[in-house]
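Trainee: I should like to understand how the descriptive terms for this model are justified. May we take them one at a time, setting each value against its definition?

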Amino acid sequence: RLKQAGVSTVVAARLDAELTESFSAVDLAAFRRRQLLRIALRDLLGYATLAETTAEISAVADAILEVALRRVTQRITGSIAPVAHFTVVALGKLGARELNYSSDIDLMFLYEAPHTAERARKLATELTALLSAYTAEGVCYRVDLRLRPDGKLGEVALPLEAALHYYRTRARDWELQMLIKGRCSAGDPDLARRFFEAVDPLTYSTTLDFSAVEAVSETRLRIQEKARARQK
């Protein structure tokens, strides 16, 4: 679940070398486009499997997130040290390393002291704005934060203990199950490791709540009914 070396490290180094101190959202979007063209060429020529392609697209996203977070952190804090006590958790397709060419990225931001709530929110907000800005090169990524605790009503960045309290006391079954695909995409890997070590027992716990099973069955029936209706 922690960041993996390899493709993402190489891509991150390449991006870091290209960016100037005054980099902008258009630089990130242009870099992503070039990387996707490279991946698409290998894909079309049959040099990569589907799993390899989606993993490489995901690695590009990890690299862009890592470099962008480090640059935003430097701009806000003035520190050039590796980002500490702030982590970007990838969920959904990015978490599973299954991004396709047009996927959005589902993220959750966690932090702990010495970051304050104000500074953590600023980091998360500026990073999100940078990645999702419309530019002449298109959008780098559509960032979706709705899978975080409390969804749209939740804080954009959460302290570790507050996130753990949510998952221990108020999270719904699907929110816990969603974390199975979660992993660290950028930032402090130790913070992400401690988060997942704490929530794993909740994620994989068994339950005799048959109402949840019935709800899934009802949803499946509604999907099947809609599919049959479209075929008529």
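Mentor: Let us begin with burial: buried means under 20% relative accessible area, exposed over 50%, and partly exposed in between, with a 1.4 Å probe and protein chains only. This is a predicted model, in which local features need pLDDT of at least 70 and side-chain atom pairs count only at pLDDT 80 or more, while totals for chains, interfaces and linings use all residues. Residues are numbered from 1 along each chain as its sequence is written, and side-chain values use heavy atoms, with hydrogens and water left out.

Trainee: Why does Asp-62 count as buried?

Mentor: Asp-62 has a relative accessibility of 9%; the limit for buried is under 20%, so the term applies.

Trainee: What makes Asp-62 and Arg-183 a salt bridge?

Mentor: A salt bridge is a side-chain nitrogen of Lys or Arg within 4 Å of a carboxyl oxygen of Asp or Glu. The closest N and O atoms of Asp-62 and Arg-183 are 3.1 Å apart, so the pair meets that rule. Asp-62 lies in helix H3 (residues 50-77) and Arg-183 in strand E5 (residues 183-187), so the bridge ties together parts 121 residues apart in sequence. Helices (H or I, at least four residues) and strands (E, at least two) are DSSP runs, numbered from the N terminus. Arg-183 is also buried, because its relative accessible area is 1%.

Trainee: Why is Glu-137 called partly exposed?

Mentor: Its relative accessibility is 28%, so Glu-137 falls between the limits for buried and exposed. Glu-137 forms a salt bridge with Arg-33, the closest N and O atoms being 3.6 Å apart. This pair links distant parts of the chain, with Glu-137 in the loop between helix H5 (117-132) and strand E3 (143-144) and Arg-33 in helix H2 (residues 25-44), 104 residues apart. Arg-33 is partly exposed as well, because its value is 43%.

Trainee: How do you know that Asp-144 and Arg-146 are bridged?

Mentor: Their side chains meet at 2.7 Å, N to O, so the distance satisfies the limit. Asp-144 is buried, at 11%, whereas Arg-146 is partly exposed, at 49%. Elsewhere, salt bridges that share partners join Glu-112, Asp-190, Arg-193, Arg-194 and Glu-197 into one network. The count for the model comes to 17 salt bridges.

Trainee: What makes a set of residues a nonpolar core?

Mentor: A nonpolar core is a set of buried Ala, Val, Leu, Ile, Met, Phe, Trp, Tyr and Cys residues joined through side-chain atoms within 4.5 Å. The largest one here has 44 residues, of which Leu-28, Ile-64, Phe-86, Leu-107, Phe-109 and Leu-131 touch the most other members. H3 gives the most to this core, with ten residues. A second, separate core of 19 residues includes Leu-91, Leu-110, Leu-160 and Leu-179.

Trainee: Why is Tyr-47 called exposed?

Mentor: Tyr-47, in the loop between H2 and H3, has a relative accessible area of 59%, which is over 50%, so the word is justified.

Trainee: Why is Pro-82 called exposed?

Mentor: Pro-82 has a relative accessible area of 70%, so Pro-82 too passes the limit for exposed. Pro-82 is found in the loop between H3 and E1. Its C-alpha atom is separated by 7.1 Å from that of Arg-70, twelve residues apart along the chain.
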